[in-house]
Amino acid sequence: MAGSGIFEEILDKDVYKYYADGEWRISASGKSVTIINPSTRQPQYKVQACTQEEVNKALESAKAAQKLWAKVPLWKRAEALHKVAAILKQHKDPIAHCLVKEIAKPSKDAVTEVVRSGDLISYCAEEGVRILSEGKLLVSDSFPGNDRNKLCLASKIPLGVVLAIPPFNYPVNLAVSKIAPALVAGNSVVLKPPTQGAVAGLHMVHCFHLAGFPKGLISCITGKGSEIGDFLTMHPGVNCISFTGGDTGIAISKKAGMVPLQMELGGKDACIVLEDADLDLVASNIIKGGFSYSGQRCTAVKVVLVMESVADALVEKVVAKVNKLKVGAPEDDCDITAVVSESSAKFIEGLVMDAKEKGATFCQEYKREGNLIWPLLLDHVRPDMRIAWEEPFGPVLPVIRINSVEEGIHHCNASNFALQGCIFTKDINKAIMISDAMETGTVQINSAPARGPDHFPFQGLRDSGIGSQGITNSINMMTKVKSTVINLPAPSYTMG
């Protein structure tokens with residue numbers, strides 16, 4: 001399915017091409033990067049290993065294309081996005097097929113990601129028309145000491161070239177969440193997809209190509225991060241960086257200088273469970289929040305902080321649900337599939353072994369075959385265990401028993417990460433008080449953490465990121481304010 005039908009153009013023998021200046025190209029390097037199937041641990045795809053010179057050319061084309069694109073009427077930019085959304089959803093199956101093979105995403109979830117991405121693009125087109133069609137008129141006599149002899153017209157203009165770097169776990173959805181706001185605002189985009197997820201990203205970009213976007217406006221550069229990563233993020237031709245990922249983002253932020261940044265860098269989302277919580281609801285949300293897509297989500301429940309008085313009952317309910325999770329191949333729509341790489345599996349295992357040595361209670365037997373790790377709930381976890389603080393990005397969830405709400409809030413606020421968190425209680429007043437005390441980007445009340453819907457603000461504090469995402473926030477972030485001041489020869493007032 002991948003690389004066939006309308007996507008034949010993007011494949012050269014067994015290596016996928018990269019996209020620049022409106023054409024599918026073969027890198028002059030003569031080299032490729034191999035993508036390993038997480039489930040089989042065998043080579044699945046190959047993509048071009050682009051050179052720094054090819055990066056230069058893509059950015060030159062992006063700069064030239066952006067100048068012309070910014071002159072395209074806003075309604076036409078929105079119309080073009082609606083067109084690509086329809087094409088993307090029409091060809092959801094081959095793109096979803098790539099997600100299954102590249103990142104071991106269950107088939108049904110892979111299709112959902114592509115459809116959701118199309119919906120995001122369409123919503124962005126509509127929201128862009130609303131936001132960008134409005135300006136602001138300021139009059140000078142509102143500030144002390146001034147007459148009304150100046151009129152300021154403030155409007156939003158594009159930043160220029162946006163570098164979009166999505167992560168492996170949502171390589172299509174988190175790519176379009178950057179691309180669509182950038183384009184509707186009049187920017188051009190250079191996409192650097194993750195290695196695991198690059199082929200799905202290339203298929204997605206081909207949908208923009210089929211929709212007829214101007215040459216150079218969108219590029220998709222594949223290759224090794226060690227060779228083109230810093231070169232891209234430090235390139236003087238980049239006017240904005242939107243990045244989703246891990247610690248690499250912190251390094252980028254230190255090197256980016258004056259370039260506007262939008263970054264989401266992971267989380268250790270805490271789930272605080274009070275005595276009066278509906279434990280059946282909590283258990284269902286812990287399963288959904290902690291184990292969907294094998295825990296490989298920035299907004300996964302990463303630590304459960306439960307009041308001691310209800311801990312036994314909650315753990316019993318969660319264990320019963322964990323034991324029913326289906327483990328196996330993504331093609332079979334299993335709940336738990338292989339994590340993305342062997343290095344990820346080894347890292348997760350390191351956290352598990354540390355917890356074992358320090359006395360955590362294993363609610364299931366730890367089991368791993370290659371990159372496939374069976375779901376595991378760890379009870380009686382203490383703050384001196386790595387799993388209490390580090391993000392496993394896998395199907396392993398720690399439970400810390402607490403004796404007060406303050407203890408739970410303290411643990412949440414002591415973390416380096418502060419993306420999301422959640423509270424389970426029937427007392428809405430108490431929930432709001434705890435939410436206010438939790439130093440994190442978003443707090444969900446009586447539900448697991450989640451990024452969506454995609455138009456909601458989405459942001460983190462501390463090491464979880466810079467800036468805020470969500471369609472509206474992304475459009476605003478990828479523009480800057482331009483003011484034009486009209487100086488009148490004499491003060492002007494309305495009739496009175």
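The exercises below look at salt bridges and at one sheet in a predicted model.

**Exercise 1.** Find the residue with which R130 forms a salt bridge, and decide whether each of the two residues is buried, partly exposed or exposed.

*Solution.* Begin with the side chains: the partner of R130 is E127, and the closest N and O atoms of the pair are 2.6 Å apart, which lies inside the limit of within 4 Å that defines a salt bridge. Next, place the pair in the chain, where both residues belong to helix α4 (residues 107–132) and stand three residues apart, about one turn of the helix. Last, compare the accessibilities with the cut-offs, by which buried means under 20% and exposed means over 50%. R130 has a relative accessibility of 43% and therefore counts as partly exposed, while E127, at 12%, counts as buried.

**Exercise 2.** Work out which parts of the chain are tied together by the salt bridge between R401 and E308.

*Solution.* The side chains of R401 and E308 meet at 2.8 Å, taken from N to O. R401 is found in strand β20 (residues 396–402) and E308 in helix α10 (residues 308–322), so the pair ties together parts that are 93 residues apart in sequence. As for accessibility, R401 counts as buried because its value is 13%, whereas E308, at 37%, counts as partly exposed.

**Exercise 3.** Locate R462 and E439, whose side chains meet in a salt bridge, and describe how accessible each one is.

*Solution.* From N to O the distance is 3.5 Å. The pair links distant parts of the chain, since R462 lies in strand β25 (residues 461–462) and E439 in the loop between α13 (428–437) and β23 (442–445), 23 residues apart. Both are partly exposed, R462 with a relative accessibility of 35% and E439 with a relative accessible area of 42%. Salt bridges that share partners also join E308, D312, D379 and R401 into one network.

**Exercise 4.** Give the order of the strands in the seven-stranded open sheet, and explain why one side of each edge strand is left without a neighbour in the sheet.

*Solution.* The order is β16-β19-β20-β15-β14-β22-β23, with mixed pairing. β16 (361–362) and β23 stand at the edges and have a single partner strand each, so one side of each is left without a neighbour in the sheet. Within the sheet, β14 (residues 269–273) and β22 (residues 420–424) pair in the parallel sense over four bridges, and I272 stands opposite I423 in β22. Finally, helix α10 lies across β14, β15 (301–307), β19 (376–379) and β20, and runs at about 135° to β15.

Methods:
Residues numbered from 1 in each chain as written. Predicted model: local features only at pLDDT ≥ 70, side-chain atom pairs only at ≥ 80, totals over all residues. Heavy atoms only, no water. Helix = DSSP H or I, 4+ residues; strand = E, 2+ residues; numbered from the N terminus. Buried < 20%, exposed > 50% of the residue type's maximum accessible area, 1.4 Å probe, protein only. Pairing = 2+ DSSP bridges. Contact = heavy atoms within 4.5 Å. Axes fitted to C-alpha atoms, helices over the stretch in contact; angles between N-to-C directions.
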